[in-house]
Amino acid sequence: MVFREDILAGKVAFVTGGGSGICKGITEALMRHGATAAIAGRQAPRLEAAARELEERTGKRCLATPCDVREPATVEAALDRTLAELGGIDIVVNGAAGNFLAPASQLSYNGFRTVMGIDALGTFNVCRAAFDRWLRDHGGVILNISATLHYGATPMQVHASAAKAAVDSMTKSLALEWGKLGIRVNGIAPGPIADTEGMSRLAPGDLSAKLASRVPIGRYGRIEEIANLAVFLASDAASLIHGTTIVADGGAWLVGTPLEY
Ligand code: NAP
Ligand code: COA
């Protein structure tokens, strides 16, 4: 552990996408540093299994709260259950996302809407519902998981790039409006992270090694490297960091993604 192990003692985290991949890693790191957690996603059995695994690994409590971030009523129910069972929501992580490779010329209307719905609308839905229920009166930390796709432009990613640009914009707007209430809002923009669903979709097979060799540090990131950043941003050590999205990508976006790859 790089941080003191009680740095988040007594905090409660609500993590969308916490049943898998990067956000499961973030949840584990928050729990290892003292937080209890609720994880949200659509697939209840996978979520339940992840919650049990996280409890075993950390010794802290983890609640599975299934919901679809596109459906505000399900988000509200998940947050209500978290409040009833864990007693608060100090850290909200918006990690739920959907993505696939598709050229803009072949992407259906509904394909674009679906990814915007999960990433962008879903992030707003969760922030808004958590604000009403807890954050407005108690303050807290919001972490929006973004990406670097839209810093330049990324082929076959018009949907996810637009969605993450919206997420980054929301990070700034919410920071502006909610800062005086003691709500700190920031984003994390991971680059390519090894052993994740995201990279298996965006860089299948041999492409993965080819893209990894282009990263200035010579490799993909690791889930725990993003998780450590989340612990830092959730902690008081980051008390002056507000309204910004921190890139953790080993310099990858400086190089960009080739048009033909
Ligand atoms: P992942 O394991 O597939 O995580 C996505 C999560 O979102 C899943 O747990 C999924 O659970 C949940 N989800 C999807 N649609 C949902 C919905 N409508 N409502 C509630 N939950 C929903 O992917 P990952 O690669 O770890 O990515 C995690 C985050 O990091 C995402 O925000 C992604 O954009 C970002 N990111 C990843 C990379 C990378 O290299 N992997 C790079 C940059 C940014 P259910 O299926 O159960 O709903
Ligand atoms: N290429 C092009 N279009 C695709 C696609 C692909 N690989 N996958 C889905 N779509 C389109 C569908 O065709 C559909 O559009 P249509 O009605 O015009 O045919 C639209 O997207 C919605 O698909 P659907 O499967 O009904 O959506 P869903 O809400 O059940 O699932 C997804 C959402 C598509 C994002 C799904 O891949 C998912 O659940 N992803 C979560 C995990 C993930 O993406 N992890 C990586 C995070 S970076």
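This report walks through the surroundings of two ligands and one helix pair in a predicted model.

Some ground rules come before the details. Residues are numbered from 1 along each chain as its sequence is written, chains are lettered from A and ligands numbered from 1 in the order in which they are written, and side-chain values use heavy atoms, with hydrogens and water left out. Since the model is predicted, local features need pLDDT of at least 70 and side-chain atom pairs count only at pLDDT 80 or more, while totals for chains, interfaces and linings use all residues.

**Ligand 1**

Start with ligand 1, which has 28 residues around it (a residue is near if one of its heavy atoms lies within 4 Å). S20, R42, Q43, I193 and T196 come nearest. Sorted by class, the shell holds 12 nonpolar, 10 polar and 6 charged residues; here Ala, Val, Leu, Ile, Met, Phe, Trp, Tyr, Cys and Pro count as nonpolar, Asp, Glu, Lys and Arg as charged, and the others, Gly among them, as polar. Helices α1 (21–32) and α6 (197–202) each put at least two residues into this shell, and α6 gives the most, with 3. Helices here are DSSP runs (H or I, at least four residues), numbered from the N terminus.

**Ligand 2**

Ligand 2 has 15 residues around it, and the nearest are R42, R70, N99, S108 and R201. So R42 is on the nearest list for ligand 1 and on that for ligand 2, with "near" as defined above. The shell of ligand 2 counts 4 nonpolar, 7 polar and 4 charged residues. α4 (109–138) and α6 each supply at least two of them, with the largest share, 4 residues, coming from α4.

**Polar contacts**

The table lists polar contacts of both ligands (pairs of N or O atoms within 3.5 Å).

| Ligand oxygen | Protein partner | Distance |
|---|---|---|
| ligand 1 | G17, polar backbone atom | 3.4 Å |
| ligand 1 | R42, side-chain N or O atom | 2.7 Å |
| ligand 1 | G95, polar backbone atom | 2.9 Å |
| ligand 2 | R42, polar side-chain atom | 2.7 Å |
| ligand 2 | R70, polar side-chain atom | 2.9 Å |
| ligand 2 | S108, polar side-chain atom | 2.6 Å |

How much of each ligand does the protein bury? Ligand 1 alone exposes 880 Å², and 91% of that gets buried. Ligand 2 alone exposes 940 Å², with 56% buried. These areas come from the Shrake-Rupley method with a 1.4 Å probe.

**Helices α1 and α2**

Back to α1: its axis and that of α2 (residues 44–58) come within 10 Å and cross at roughly 35°. Axes are lines fitted to C-alpha atoms over the stretch in contact, with angles from 0 to 180 degrees between N-to-C directions. The crossing is right-handed, meaning the near helix is turned clockwise from the far one by less than a right angle. K24, T27, E28, M31 and R32 in α1 meet A50, E53, L54, E55, R57 and T58 in α2, where contact means heavy atoms within 4.5 Å. By class, that contact has 3 nonpolar, 2 polar and 6 charged residues.

Methods. A polar contact is a pair of N or O atoms within 3.5 Å; within protein, one must be able to donate a hydrogen and the other to accept it, and residues adjacent in sequence count only if both atoms are side-chain atoms.
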